[in-house]
Amino acid sequence: MWVPPKNPGSSSLPLADTIPSILRFGEGSGIPKLASATAPLGSAPRRAMLLAAPGPKRHTAPASSAGSSSGLDSQRRSLPIFQARGTLLGQLRSLDCAVLIGETGSGKTTQIPQYLYEGGIGRQGIVAVTQPRRVAAISLATRVSDEKKTELGKLVGYTVRFEDLTSEETKIKFLTDGMLLREAIGDPLMAKYSVVILDEAHERTIHTDVLFGVVKAAQKRRKELGKSPLKIIIMSATMDVDLFSQYFNGAPVLYLEGRQHPIQIFYAKQSQSDYLQAALVTVFQIHQEAPPPQDILVFLTGQEEIEAMTKTCRDIAKHLPDGCPQMVVMPLYASLPYSQQLRVFQTAPKGYRKVVLSTNIAETSITIAGIKYVVDTGMVKAKKYSPESGLEVLAVQRVSKAQAWQRAGRAGREDSGLCYRLYTEDEFEKFDKMTIPEIQRCNLAGVMLHLLALRIPNVLTFDFMSKPSPEALQAAVEQLALLGAVERKDDQLILTPLGRRMAAFPLEPKFSKTILMAPKFHCTEEILTIVSLLSVDSVLYNPPSRRDEVQAVRKKFISSEGDHITLLNIYRAFKNISGNREWCKENFVNSRNMMLVSDVRAQLRDICIKLSIPLESSRSDTGNIRRCLAHSLFMNTAELQADGTYATTDTHQLVAIHPSSVLFHCKPACVTYNELLHTNKCYMRDLCVVDADWLYDAAPEYFRRKLRAAKN
DNA sequence: GAGCACTGC
């Protein structure tokens, strides 16, 4: 058992030449919430009732017969939640809404849907359980169908984009929150569901936040219409209970004990001016003092930082003193090719310690077994949105307290763990309590379009749990008006027929509009490809170390007309050789994302057919494609100024061409772009060369208005 | 002149 340094200052680091300072840590005074199994929450609403479920404290390893039915049964019974089953069912039976707070490992997500089913609650309909991520929905459905000893897709099934494994028999259905939201367009009362469980509610994804309001409205409406009741259960891991409870008319909060292992927290004794340096020192300090099979997870902010740190760690690890364990260093971030991501799941060879340097992908999306130590820089790269400028700002910032606890929790998955925070306890106390929910950080055009499609009476006053600013709502509606999706009628905002068609696509409104414009320019096939490419992560893989190779190979696809046409060329080449992996590797194309593009394209094409949109190809005529883009992206344009810089056409914001664009070294007179992203500079991403005249043709009134505004 | 946190429909 590793013992925390009693006097950290005296522990000598054999790497003093490379790393000048030793970081001093003090043990946290406040007992971290995650380490406390009995009293997880300080401020429970008064109406709350406590469901203590003291399961076995000792972590029981999965039965060796895991998979066999008896093993699964005994595992189910050994879960902490099992002893609370009766009480829980009694409560849930009588409640319209409940908030369920369960620690990691309480088994709430797998067990509660089964308890409801077994207890005959809501048998007349389906029990829906939403998840923020696809993989979670799929693996939970698999697990629960195993426990019920049924075939996946029968009693228990799942629905995620591109995959629907449900049938007439399905009574317990796991789905992504986005999927349930999309289903609601055709069925705003959610008539086929008797219970909706919104899981991982504390993550506050934009979809969960919209669903809060949608299920609440559906429940109320069903009651008014005298239809069968809809039961709502909110499941969350952390402390936002007051907010959830208040929003759902004072719904009772039920607590479930979990099986999180204790985590010891250490804070930096002094404020750190350089968190990268501090992280480096801490990793090697731990490495020197801890026995080898215990792995380290370090939270950093981005790809570039992680790649640089990986290299530094590897260099230092080559020159470790005798007797020191060896080290394997692995980067982890979302744009890393899948095969490389998988490496973090391999156990390190004997005598080696695994050090994973990760973005916040390891906070929720990827769980790595065997992590004993977490090193938390306290920093995260996150997006903010300013509705006034329409600008998205991507910046490194402090994490919230909730996020810091989430990170710490990654050390206690299998056994007790330790978390080193590279900030002082005083600094921590100044962190925001919660991360600002996504719905308050985003462009809301898509959300507003969705709400309108759900026939919500007044979208500007929609009952959000955390209301976005009026400016953000107004900006979204204005954007929709510009796209021709909404109009005012008797002081009410309603969808135009075009808007209703736009809402049928699982896309940002401007991309839906682009598709709907395409028939006019006889290039729907090409636009479908381009929009698909733009709506998934980049298919281009750019390893910094092989930049020259990448450039040489990519040359053959590059179009002087911009990124859209270049991407189209790459997709066509990919399809011409019928899309094999080898080709992708040779051409630095991310094959996983490319496959996804194919799936997305097929889905969008199906929707076009349902909407009777003619599917034509413009073949080699790229002018029509660019005209089509100009007609739908006219509000996203910039013009070259006399001094060689670019200014946006509408607000004359100074912008630059993003270095990832094929037009980076070019100076076209007029371009449209997909989005502006503010990092060090205000960059335009994904550009297309257009003719200024086309823009005026596309929206004469818009530009006349802009011109008048400029004159005043 | 030089850069891209993370999900999801």
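**Exercise 1. Packing of H3 and H4**

Determine how helix H3 and helix H4 pack in this predicted model, and which residues make the contact.

Solution. Step 1: take the geometry. Helix H3 spans residues 108–118 and helix H4 spans residues 134–147; their axes lie 10 Å apart and form an angle of about 50°.

Step 2: classify the angle. Angles under 35 degrees count as roughly parallel and those from 65 to 115 as roughly perpendicular. H3 and H4 are therefore oblique to each other. The crossing of H3 past H4 is right-handed.

Step 3: list the contact. H3 contributes Thr 109, Thr 110, Gln 111 and Gln 114, while H4 contributes Leu 140, Arg 143, Val 144 and Glu 147. Sorted by class, the contact of H3 with H4 has two nonpolar, four polar and two charged residues.

**Exercise 2. Burial of H3**

How many residues of H3 are buried, and which are they?

Solution. Step 1: count. In H3, 10 of its 11 residues are buried, and the helix is mostly covered.

Step 2: name them. The buried residues are Lys 108, Thr 109, Thr 110, Gln 111, Ile 112, Pro 113, Gln 114, Tyr 115, Leu 116 and Tyr 117.

Step 3: look past the end of the helix. Gly 120, just after H3, has a positive phi of about 70°.

**Exercise 3. Packing of H18 and H23**

Describe the angle, the handedness and the contact of H18 with H23.

Solution. Step 1: helix H18 (residues 524–534) packs against helix H23 (residues 622–632) at an angle of about 60°, and the axes are 10 Å apart.

Step 2: roughly perpendicular begins at 65 degrees. H18 and H23 are therefore oblique to each other. H18 crosses H23 in the right-handed sense.

Step 3: on the H18 side the contact residues are Glu 526, Ile 527 and Ile 530; on the H23 side they are Ile 625, Cys 628 and Leu 629. By class, the contact of H18 with H23 has five nonpolar residues, no polar ones and one charged residue.

**Exercise 4. Aromatic pairs around Tyr 247**

Classify the ring pair of Phe 212 with Tyr 247 and the ring pair of Tyr 247 with Phe 248.

Solution. Step 1: set the context. The whole structure holds 19 aromatic pairs.

Step 2: take Phe 212 and Tyr 247. Their ring centres are 6.4 Å apart and the planes stand at 55°, a tilted pair. Phe 212 lies in helix H6 (residues 206–224) and Tyr 247 in helix H7 (residues 241–247), so the pair ties together parts that are 35 residues apart in sequence.

Step 3: take Tyr 247 and Phe 248. Here the centres are 4.9 Å apart and the planes are at 85°, so the pair is edge-to-face.

Step 4: check burial against the limit of under 20% relative accessible area. Tyr 247, at 7% relative accessibility, counts as buried, and Phe 248, with a relative accessible area of 1%, is buried. Phe 212 is buried too.

Step 5: look for a cluster. Tyr 267, Trp 405, Tyr 423, Phe 428 and Phe 431 are linked into one by ring pairs.

**Exercise 5. Positive phi outside glycine**

Locate Glu 200 and Arg 455, and decide for each whether the residue is buried, partly exposed or exposed.

Solution. Step 1: neither is a glycine, yet Glu 200 has a positive phi of about 55° and Arg 455 one of about 60°.

Step 2: Glu 200 sits in the loop between strand E7 (193–198) and H6. Its relative accessibility is 22%, so Glu 200 counts as partly exposed.

Step 3: Arg 455 belongs to the loop between helix H14 (445–453) and helix H15 (470–482). Its relative accessible area is 61%, so Arg 455 is exposed.

**Exercise 6. Two loop residues and their contacts**

Place Tyr 333 and Pro 292, and list what each touches beyond four places in sequence.

Solution. Step 1: Tyr 333 is in the loop between strand E12 (326–332) and helix H10 (338–342). At 6% relative accessibility, Tyr 333 counts as buried. Tyr 333 touches Gln 303, Ile 306, Glu 307, Gln 341, Thr 359 and Ile 361.

Step 2: Pro 292 is in the loop between helix H8 (275–289) and strand E11 (295–299). With a relative accessible area of 30%, Pro 292 is partly exposed. Pro 292 touches Pro 325, Gly 351, Tyr 352 and Arg 353.

Step 3: add distances. Pro 292 and Tyr 352 are 60 residues apart along the chain, with their C-alpha atoms separated by 5.9 Å. Tyr 333 and Pro 113 are 220 residues apart in sequence and 33 Å apart, C-alpha to C-alpha.

Technical notes. Residues numbered from 1 in each chain as written. Chains lettered and ligands numbered in written order. Predicted model: local features only at pLDDT ≥ 70, side-chain atom pairs only at ≥ 80, totals over all residues. Heavy atoms only, no water. Axes fitted to C-alpha atoms, helices over the stretch in contact; angles between N-to-C directions. Helix = DSSP H or I, 4+ residues; strand = E, 2+ residues; numbered from the N terminus. Parallel < 35°, antiparallel > 145°, perpendicular 65-115°, else oblique. Left-handed = near helix turned anticlockwise from the far one by under 90°. Contact = heavy atoms within 4.5 Å. Nonpolar A, V, L, I, M, F, W, Y, C, P; charged D, E, K, R; others polar. Phe/Tyr/Trp six-rings, centres within 6.5 Å; stacked < 30°, edge-to-face > 60°. Buried < 20%, exposed > 50% of the residue type's maximum accessible area, 1.4 Å probe, protein only.
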